[in-house]
Amino acid sequence: MSSEQTSPDGQNTVTRRRLLLGVPLLGGAGICGVAFWKMLAGMQTGSFNPHDINAPVTGRPVPDFTLPDQTPGTGFATVDLKTLTKPVLINFFASWCIPCIAEMDALLTLGKQLPIWGVAYKDKPENAAGLLKHAGNPYARIGSDRDGRVAIDWGVSGVPESFLIAPGGMIVWHSAAGLDSPEVRDSLKNALKAVGR
């Protein structure tokens, strides 16, 4: 049975059923449109930062995980972070990530002042090793998160992404933007002061 009706003059008319089926689509499109408009308005006024992911990761202990070795470094696990006596920066990176390559110089400089442990995110081990051979290796330890499962537990939304871990394994700072940004580095410095470094 057809859901269309034909008017006396031979034209197809829209039935009430078809009209009701279209209402949820229009509502969903309207909600998406309003959300997009608010995001654009926030970016214009400076109140929306696309790098500021609202994942509640700070103030929590590190998740349970184990990362195998990533050449040229040694992997690490939850227990390694929970037994720390000094802060360490965890940096998720990938050889296929252009912003990760862009932040390497900043990481090399920062690595002279603060231990940085790297996590190769969804990367082939040989590609990650090639990046570090070419760009320099800022990491004291490096683990491989080939399938991205550890990143999910950490709340990572993309790379590069960094976490400052205080002694005892508490996440005290998080950034979803590259450390080549002066604003991100200033924010990290403030977080380090707060943990006595």
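Before you start clicking: "exposed" here means over 50% relative accessible area, while "buried" means under 20%. Keep in mind, too, that this is a predicted model.

**Stop one: helix 5.** Select 125-135. On the outward-turned face, away from the buried side, you'll find the exposed residues Glu-126, Lys-133 and His-134. Now swing the view around and pick Ala-128, Ala-129, Leu-131 and Leu-132, which are buried. These four sit on the same side of helix 5, because they cover an arc of only 155 degrees around its axis. What do the buried residues of helix 5 pack against? Show strand 4, helix 3 (98-102), helix 4, strand 5 and strand 6 (141-145), and you have their partners. Before moving on, click Gly-136, just after helix 5: it has a positive phi of about 105 degrees.

**Stop two: the core.** Helix 5 also feeds the largest nonpolar core, along with strand 4 (88-93), helix 7 (182-194) and others, each giving at least two residues. That core has 45 residues, and Leu-81, Ile-90, Phe-93, Trp-154 and Ile-165 have the most contacts inside it. Zoom in on Phe-93: beyond its sequence neighbours within four places, its contacts include Met-104, Tyr-121, Ile-142, and Ala-128, Leu-131 and Leu-132.

**Stop three: Phe-65.** Head for the loop between strand 3 (60-61) and helix 2 (78-82), where Phe-65 is found. Is Phe-65 buried or exposed? It counts as buried, because its relative accessible area is 8%, under the 20% limit. Add Val-150 to your selection: it is 85 residues away along the chain, yet the two C-alpha atoms are separated by 6.3 Å. Phe-65 is in contact with Val-150, and also with Leu-81 and Trp-154, among others.

Technical notes:
Residues are numbered from 1 along each chain as its sequence is written. This is a predicted model: local features need pLDDT of at least 70, side-chain atom pairs count only at pLDDT 80 or more; totals for chains, interfaces and linings use all residues. Side-chain values use heavy atoms; hydrogens and water are left out. A nonpolar core is a set of buried Ala, Val, Leu, Ile, Met, Phe, Trp, Tyr and Cys residues joined through side-chain atoms within 4.5 Å. Buried means under 20% relative accessible area, exposed over 50%, partly exposed in between (1.4 Å probe, protein chains only). Contact means heavy atoms within 4.5 Å. The arc is that of the directions from the helix axis to the C-beta atoms.
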